[in-house]
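Open your viewer and keep the selection panel at hand. This tour goes stop by stop.

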Protein chains: 2
Amino acid sequence: METEVSVETRVLDAADALFYAQGVQAVGMDRIRDASGVPLKRLYRCFPSKGALVEAYLRRRDKIARGSMEEHADSLSSPDEKILGIFEWLHTVVSEPGFRGCAFNNAFGELGSHSAAVTAIVQGHKAALRRFFSGLVHDAKAPDPEGLTTQLLVLFDGAITVAAITDTPAPALRARDAAAALLAAGGREEPAQHGSGVPVRADGSRPGG
Amino acid sequence: METEVSVETRVLDAADALFYAQGVQAVGMDRIRDASGVPLKRLYRCFPSKGALVEAYLRRRDKIARGSMEEHADSLSSPDEKILGIFEWLHTVVSEPGFRGCAFNNAFGELGSHSAAVTAIVQGHKAALRRFFSGLVHDAKAPDPEGLTTQLLVLFDGAITVAAITDTPAPALRARDAAAALLAAGGREEPAQHGSGVPVRADGSRPGG
DNA sequence: CATGGAAGAGAACGGCCGTTCTCGGGTTGC
DNA sequence: GCAACCCGAGAACGGCCGTTCTCTTCCATG
């Protein structure tokens with residue numbers, strides 16, 4: 001007769017579903033109480049404020065997403081396979097019903113300017129993602145590993161965003177194709193005939209600026 | 001002594017700055033009244049509800065961004081130059097102080113699940129962006145133009161997101177480099193030695209599923 | 001069985017937000 | 001001069017939200 005799952009887990013399950021589906025500010029604590037079945041009094045004993053619950057929601061998402069991604073990568077052997085496999089893993093994620101974009105990007109847009117804690121968690125999540133990609137890129141012995149890592153991050157976040165707004169999973173696979181092309185090209189193609197005529201240095205500044 | 005700029009413009013200027021910097025739901029109508037100097041009564045005569053003001057805010061952002069982007073592209077000659085030039089235009093945009101990501105993505109994450117109008121405007125903005133890229137890609141006579149168009153969109157949105165969260169403009173230039181590589185490769189590199197072992201068709205389905 | 005404490009259900013409270021109303025002052029037309 | 005009207009400033013109103021309080025019920029212990 002003891003509790004099947006812990007109270008914290010039930011609250012976080014409810015908060016996760018509601019916060020992700022509807023946005024944080026659109027969901028009141030009453031709704032989380034109704035969905036979890038945990039009365040407000042106990043809920044506030046586990047999480048002393050809504051802000052603390054939001055942070056726990058993001059931290060759990062971070063841990064679960066990183067675990068799932070690393071598990072998928074571990075099932076593949078070569079660095080190149082792992083890198084491309086991540087985009088196929090992403091394809092299954094964005095195909096799930098109810099997918100509505102990256103929970104971290106959404107939270108950052110909604111709360112980042114008001115909550116330093118949320119900003120730190122989101123930046124930490126993306127930094128971990130970068131470390132993960134960076135390790136694979138170094139293993140793949142690509143030239144300009146930092147540039148390629150940034151490009152993979154860009155493809156990853158861009159695929160999530162385009163898939164969410166167009167409501168189709170295909171962008172994840174187009175991002176995989178792009179990653180494959182970048183791996184084949186060495187991650188830093190600088191074609192002579194494709195410049196726009198405005199030279200830009202690697203740090204973004206322009207000569208004479 | 002007549003008004004320097006129209007009341008609608010003053011209201012939209014204030015709403016734009018506040019909505020973008022702090023999120024829509026975090027900004028009350030009183031704050032827009034204070035920032036614009038337009039009393040609530042007149043404000044509600046111009047925009048009959050906060051929702052209408054939010055939609056006008058997004059529509060004006062859409063018009064301005066598209067105009068600025070097309071103007072920049074018009075200053076370049078070849079399709080390839082235009083495509084890469086857009087990422088340099090993006091680099092200047094994400095370098096501006098106060099840049100906090102794509103207003104449309106942020107609004108979609110915050111309000112998309114509750115407002116069909118916001119969702120439609122965001123999707124319309126991205127669809128216009130796709131048409132814009134698509135025209136340039138077709139002009140560039142790339143093979144698989146649809147795939148390359150999606151990849152450019154992914155790079156574009158991803159660069160915005162990564163630049164916002166890491167608070168550095170460099171991802172826009174790394175996205176430009178990636179776009180250059182994809183243009184050089186034809187937009188659909190399918191390297192024999194880079195597959196992850198799981199075949200995936202172009203539409204995202206797997207054989208036998 | 002009596003009693004103390006913990007805990008659930010729901011009300012309550014202060015505060016904010018979107019929207020509307022009131023009131024007072026100024027302006028226009030006769 | 002006067003009346004009718006418009007408009008700005010701010011209060012007011014209903015509703016929601018985060019948080020706390022109250023009251024009742026339940027259970028464990030002596």
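How do the residues of the surface near DNA strand D divide into nonpolar, polar and charged? The split is five nonpolar, two polar and five charged. Keep in mind that this is a predicted model.

**Stop 1: the surroundings of strand D.** Select DNA strand D. From chain A, show A:Val27, A:Gly28, A:Met29, A:Leu40, A:Lys41, A:Tyr44, A:Ser49 and A:Lys50. From chain B, add B:Pro39, B:Lys41, B:Arg42 and B:Arg45. Together, these residues surround the strand. Now color the helices H3 (40-46) of chain A and chain B: each supplies at least two residues of this surface.

**Stop 2: the DNA side.** Show the atoms of strand D within 4 Å of the protein. Sugar or phosphate accounts for 63% of them, and bases for the rest.

**Stop 3: three polar contacts.** Zoom in on A:Met29. One of its backbone N or O atoms sits 2.7 Å from a phosphate oxygen of strand D. Next, pick B:Arg42, where a polar side-chain atom is 2.7 Å from a phosphate oxygen of strand D. Then move to B:Lys41. Here a polar side-chain atom lies 2.8 Å from a base oxygen of strand D.

**Stop 4: the annotated stretch.** Select residues 28-47 of chain A. An unreviewed UniProt entry labels them "DNA-binding region". The stretch is 75% helix and 0% strand, with its end C-alpha atoms 14 Å apart.

**Stop 5: a loop residue.** Finish at A:Leu76, in the loop between helix H4 (50-74) and helix H5 (79-95) of chain A. A:Leu76 counts as buried because its relative accessibility is 14%, under the 20% cut-off. Its C-alpha atom is 9.9 Å from that of A:Ile86, ten residues away along the chain.

Terms used: Residues numbered from 1 in each chain as written. Chains lettered and ligands numbered in written order. Predicted model: local features only at pLDDT ≥ 70, side-chain atom pairs only at ≥ 80, totals over all residues. Heavy atoms only, no water. Helix = DSSP H or I, 4+ residues; strand = E, 2+ residues; numbered from the N terminus. Buried < 20%, exposed > 50% of the residue type's maximum accessible area, 1.4 Å probe, protein only. UniProt positions renumbered as here; feature names shortened; annotations may be inferred. Near = heavy atom within 4 Å. Polar contact = N/O pair within 3.5 Å; in protein donor to acceptor, adjacent residues only side chain to side chain. Nonpolar A, V, L, I, M, F, W, Y, C, P; charged D, E, K, R; others polar.
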